Amino acid sequence: MSAIALRGPERVVLAQHRWALWVMGVLPVLALAALTGTWLWTEHVVDAFASTGCSVVHTTPDCGDTVETYLNRRLWMQDVLSWSGLLMLVLPAFVGIFVAGPVIARELESGTYQLAWTQSVTPARWLAAKLAVPTVVTLVSVSVLSAACTWAQGRADRAHQGQEWHERTVYGSMGTVPVGYALCMLALGALVGLVLRRTLTAMVVTVIGYGALVAAFNSVRNNLWPTLTDTFKQGSDYRFPDGAINVGTGWLTHSGRRLPHDACLEWAPGFKQCLAEKNIDLRYFDYHPASHFWPLQLVETGILLALSALAVALAFRVLRRRHG
């Protein structure tokens with residue numbers, strides 16, 4: 001996107017905030033280069049270690065230093081993934097701050113919006129331009145970053161260096177959820193900026209709103225898709241599925257009624273008597289397997305996009321009520 005290809009208020013937005021938009025455009029390129037470079041370096045470390053003849057499982061005294069150096073270098077990939085995940089977590093907040101403060105509230109606070117409205121630009125067209133340019137840049141930037149993180153995590157998983165899919169920095173950096181959060185914060189930032197009309201106040205409120213949004217989804221995410229349930233006899237050789245996230249556990253009576261896990265404590269005296277007195281027959285686990293990653297992602301993204309549309313609709317309504 002260039003200023004030459006744009007006309008009217010969109011071109012003004014691009015010119016006013018070109019440095020911030022450039023940073024958002026360059027960021028995915030740098031992240032992709034960092035992740036790719038780190039993976040290639042890790043592959044080199046693995047190949048170099050294989051040529052030493054040492055083993056991590058069966059370490060000999062002569063290989064102690066070599067194995068330690070090798071494991072420390074492999075941790076570098078995990079550190080890069082962790083930092084990438086953290087970046088993806090804070091990026092939506094920065095998008096919201098950028099739109100709420102410099103893009104919307106600053107013009108309303110300083111009164112410069114009046115110049116645009118006296119040049120045959122309607123308030124609705126002015127707001128649409130303020131949203132359109134950041135939306136395009138954010139959509140492209142965050143999508144590329146998410147794809148890069150997904151690719152790197154997949155590579156790390158195959159090398160047994162990855163993190164669990166349900167960890168916050170992993171889940172929030174892959175798939176469609178990062179895009180949903182970024183677009184939602186963009187819309188929320190615009191709404192807050194229009195309502196408050198004060199740059200600093202709008203930025204602070206937007207950050208608080210992002211924190212509340214993340215906390216809300218963290219508390220309800222496991223309920224966005226039906227869980228699976230495994231039941232088994234106490235003392236059996238049941239094995240919890242690899243990569244699954246435990247949502248709940250407890251006891252089942254003969255009639256199928258659920259009791260909490262602490263209804264009978266395995267380490268307490270009289271444990272077997274407790275099971276008999278309460279007619280407990282089985283133990284259960286509710287969980288999300290790794291295959292639920294995409295259903296959870298798509299449902300959460302859909303909710304975020306719906307909230308984005310609602311925030312945008314409210315922003316235009318506020319604009320009409322105040323400025324016609």
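These are my notes on the cysteines and one surface patch in this structure.

**Starting point.** I'm working with a predicted model, so I keep that in mind throughout.

**Disulfides.** I looked for cysteine pairs with sulfur atoms within 2.5 Å, and the count came to two disulfides. If I number the bonded cysteines in sequence order, the pairing reads 1-2, 3-4.

**Cys54 and Cys63.** This pair is joined with an S to S distance of 2.1 Å. I checked the handedness: the S-S torsion is about -75°, so this disulfide is left-handed. Both Cys54 and Cys63 turn out to be buried.

**Cys264 and Cys274.** Here I got 1.9 Å from S to S. The torsion about that bond is about -80°, so this one is left-handed as well. I then looked up where the two ends sit: Cys264 is in the loop between strand S3 (258-260) and helix H9 (271-277), while Cys274 is in helix H9, so the bond ties together parts 10 residues apart in sequence. Cys264 is buried at 1% relative accessibility, and Cys274 counts as buried at 13%.

**Cysteines without a partner.** Why is Cys149 not bonded to Cys184? Their sulfurs are 20 Å apart, which is too far for a bond, and Cys184 holds the closest cysteine sulfur to Cys149. Cys184 is in no disulfide either. I find Cys149 buried, with a relative accessible area of 6%, and Cys184 is buried at 6% too.

**Surface patch.** I moved on to the outside and found a nonpolar patch of about 520 Å², made by Trp19, Trp22, Val26 and Leu30. I looked up Val26 in particular: it belongs to helix H2 (residues 18-50) and is partly exposed, at 33% relative accessible area.

Terms used:
Residues are numbered from 1 along each chain as its sequence is written. This is a predicted model: local features need pLDDT of at least 70, side-chain atom pairs count only at pLDDT 80 or more; totals for chains, interfaces and linings use all residues. Side-chain values use heavy atoms; hydrogens and water are left out. Patches are made of residues with over 30% relative accessible area and no salt bridge: like charges are joined within 9 Å, nonpolar side chains (Val, Leu, Ile, Met, Phe, Trp, Tyr) within 5 Å. Accessible areas come from the Shrake-Rupley method with a 1.4 Å probe; for residues, only the protein chains shown count as cover. A salt bridge is a side-chain nitrogen of Lys or Arg within 4 Å of a carboxyl oxygen of Asp or Glu. Helices (H or I, at least four residues) and strands (E, at least two) are DSSP runs, numbered from the N terminus. Buried means under 20% relative accessible area, exposed over 50%, partly exposed in between (1.4 Å probe, protein chains only).
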